[in-house]
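Visitor: Please take me through one part of this model in close detail. I would like to look at the strands and the packing around them, and then see how that part sits in the rest of the chain.

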Amino acid sequence: MINPSKKGKTKMQSFALNTIFILISLSHLSIVVSSSKPLNPCNGDFLHTQAYRQMQNQTNTTHCKKLSSLQAQFAWNYHKTSHNQTQLNILIGTKLITNMGWLAWGINPDLPRMVGTRAIIAVKVPNQITPSVNTYNITKDIQLGCKFQPSGIDFMVQNMTVVDDKDVGFFSVFATLVLPQRYNVSSLNHVWQVGYCVDGLEPKMHETSLGNLDSKEVLDLETGDCQNIGQHRRHMRKIHGILNIIGWGTLMPLGVIVARYFKQFPIKLDPCWYYFHYCCQVVGYILGTAGWGLGLFLGHESKYYTFHSHRVLGICIFGFTTLQILAFQFKPTQEDEYRKHWNVYHHFLGYALLVMIPVNIYKGIKLLKPNNITWKWTYNGILVLLGVVVLALEIVTWAIFLYKKCCKKTVEESSPRRVEIEEDNKGQTKEGSSSRTIEVQE
């Protein structure tokens with residue numbers, strides 16, 4: 001004979017796994033569809049800079065595109081030389097409106113990442129007539145904080161020019177590169193970066209925002225198509241955020257609401273409340289854990305940029321939610337002497353998670369700046385909706401409680417009066433009967 005409760009749990013777990021499979025399949029499809037992006041043309045003031053017009057007047061066709069982060073725009077043209085090398089003219093610019101900062105662009109012969117990049121960096125400092133520009137090799141030591149000095153690179157760079165066009169607000173770098181055959185023009189790993197800290201003429205560490213992390217792509221110089229590494233990460237972050245907001249941030253609190261308000265008081269839905277509570281917790285746990293695992297993968301991919309508090313809180317939440325799910329499997333019976341200790345443990349972890357989960361979700365949303373407004377208001381709406389539901393149920397709970405208490409008090413106050421009246425009636429009855437008895441005797 002199959003236990004109905006176990007059968008119900010099995011069906012809910014099967015439903016949860018099917019839901020996860022569908023979500024992961026859709027997320028994989030979205031990443032595949034966005035794996036290659038066509039040229040996104042430049043716009044605005046960049047097309048009116050003097051350096052861009054000079055490039056456009058050359059015989060070779062000039063490509064121009066908006067880069068995916070840091071408000072940067074990039075133009076280039078190239079041709080093959082007689083020695084089977086590639087002469088590449090590049091122009092990169094961004095809105096560097098501060099008096100101090102730096103702009104970098106470079107190519108990496110191995111992978112689309114910052115370490116190993118051969119870079120051109122222009123530095124702007126206050127009271128300097130012409131910003132300085134030099135070539136640099138970016139190594140692991142630089143990212144770990146070692147001194148960053150100009151150095152030679154493995155290809156020739158000519159005509160390095162910096163234009164700080166205050167009229168249109170663009171800080172731009174132009175250069176001509178002569179690339180050896182090892183650099184594939186149909187799959188060129190290029191990176192760019194913007195920083196606002198300078199020590200003398202030494203560029204210092206840039207911000208560790210996600211925009212700075214995503215500033216890399218694989219570019220086809222011929223067609224302008226690119227494999228945007230940052231775009232992949234943005235899609236994965238969206239999936240990470242959606243899974244955790246739905247799983248940990250919505251379904252788990254909803255399960256707590258069901259357990260608190262539909263178990264006994266004010267509304268008793270036994271045993272339906274338990275199945276709904278269990279389903280919310282299990283599906284929420286699976287979705288949240290999938291999002292957490294994706295977050296760990298994203299953290300591993302960006303090992304030089306770690307968001308410590310967000311990561312630590314995520315690990316703690318995963319640990320606590322795992323303990324809560326295991327608690328369902330080891331739940332003592334009502335008659336068991338350890339049941340009261342289990343209740344304390346289960347409730348303590350549950351309410352701790354209700355605090356930790358929103359805090360960590362908001363920390364994750366903060367990392368998405370400046371593109372986090374939609375995320376913030378969406379989660380604000382979810383919390384407000386859950387809060388309104390809790391407030392309404394709490395009002396109903398207290399209203400029913402106070403009503404029952406008043407009714408009970410009224411009944412208790414009226415009970416002694418009834419007793420007195422009954423005693424009086426009995427006394428009067430006895431006196432009447434005794435008087436009648438005397439009269440008869442007389």
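Guide: What follows starts with the main core, moves out along the strands, and ends with the helices.

The model is predicted. The protein chain has nine helices and 13 strands. Of its 442 residues, 42% are buried. Take contacts between residues at least 6 apart in sequence: 65% of them join residues at least 24 apart. The accessible surface is about 25200 Å², and carbon and sulfur atoms hold 61% of that.

Begin with the core. The largest nonpolar core has 32 residues. Leu88, Trp105 and Leu177 have the most contacts inside it. Seven strands each give two or more residues to this core: β2 (73-80), β3 (86-94), β4 (101-108), β5 (118-124), β7 (156-165), β8 (170-179) and β9 (188-195). Strand β8 supplies the largest share, five residues. In general, nonpolar side chains in soluble globular proteins tend to be buried together.

Now centre the view on Trp105. Leaving aside residues up to four places away in sequence, Trp105 touches Phe74, Leu88, Ile90, Ile92, Arg118, Ala119, Ile120, Leu177, His190, Val191 and Trp192. Two of the residues with the most core contacts, Leu88 and Leu177, are therefore on the list of what Trp105 touches. The list also holds a charged residue, Arg118.

Follow Arg118. At 17% relative accessibility, Arg118 counts as buried, because the limit for buried is under 20%. The side chain of Arg118 meets that of Asp154 in a salt bridge, 3.3 Å from N to O. This pair links distant parts of the chain: Arg118 is in strand β5, while Asp154 is in the loop between α3 (140-143) and β7, and the two are 36 residues apart. Asp154 is partly exposed, with a relative accessible area of 33%. The link goes further, as Arg118, Asp154 and Arg182 are joined in a network of salt bridges. In general, side chains of opposite charge can pair when their charged atoms come close.

Next, the strand pairing. Six strands form an open antiparallel sheet, in the order β6-β5-β4-β9-β12-β13. The edges are β6 (132-137) and β13 (226-227). Each edge strand has a single partner, so one side of each is left without a neighbour in the sheet. At the β13 end, β12 (residues 216-219) pairs with β13 in the antiparallel sense over two bridges. There, Leu219 stands opposite Cys226 in β13.

Strands β7 and β8 also pair in the antiparallel sense, over eight bridges. Thr161 stands opposite Phe174 in β8. The two strands form a hairpin with four residues between them. In the turn, Gly169 has a positive phi of about 80 degrees.

Two other positive phi values deserve a check. Most residues other than glycine have a negative phi. Leu70, which is not a glycine, has a positive phi of about 65 degrees. Gln71 also has a positive phi, near 55 degrees. Leu70 is in the loop between β1 (63-66) and β2, and Gln71 lies in the loop between β1 and β2 as well. Their exposure classes can be read off: Leu70 counts as partly exposed at 23% relative accessibility, and Gln71 counts as exposed at 62%.

One more salt bridge before the helices. The side chains of Lys204 and Glu202 meet at 3.8 Å, N to O. Glu202 is buried, with a relative accessible area of 7%. Lys204 counts as partly exposed at 34% relative accessibility.

Finally, the helices. A second, separate core has 27 residues, among them Ile245, Trp248, Phe262 and Ile317. A salt bridge joins Arg260 and Glu394, the closest N and O atoms being 3.3 Å apart. Arg260 lies in helix α5 (residues 229-261) and Glu394 in helix α9 (residues 373-441), so the pair ties together parts that are 134 residues apart in sequence. Arg260 is partly exposed, with a relative accessible area of 44%. Glu394 counts as partly exposed at 21% relative accessibility. The whole structure has eight salt bridges.

The surface has a nonpolar spot too. Leu323, Leu326 and Phe330 form a nonpolar patch there, with about 310 Å² of accessible area together. Phe330 lies in the loop between α7 (308-329) and α8 (339-367). At 63% relative accessibility, Phe330 counts as exposed.

Methods:
Residues numbered from 1 in each chain as written. Predicted model: local features only at pLDDT ≥ 70, side-chain atom pairs only at ≥ 80, totals over all residues. Heavy atoms only, no water. Patch = residues over 30% accessible without salt bridge, like charges linked within 9 Å, V, L, I, M, F, W, Y side chains within 5 Å. Areas by Shrake-Rupley, 256 points an atom, 1.4 Å probe, with all protein chains shown as cover. Salt bridge = Lys/Arg side-chain N within 4 Å of Asp/Glu carboxyl O. Buried < 20%, exposed > 50% of the residue type's maximum accessible area, 1.4 Å probe, protein only. Pairing = 2+ DSSP bridges. Core = buried A, V, L, I, M, F, W, Y, C linked by side-chain atoms within 4.5 Å. Contact = heavy atoms within 4.5 Å.
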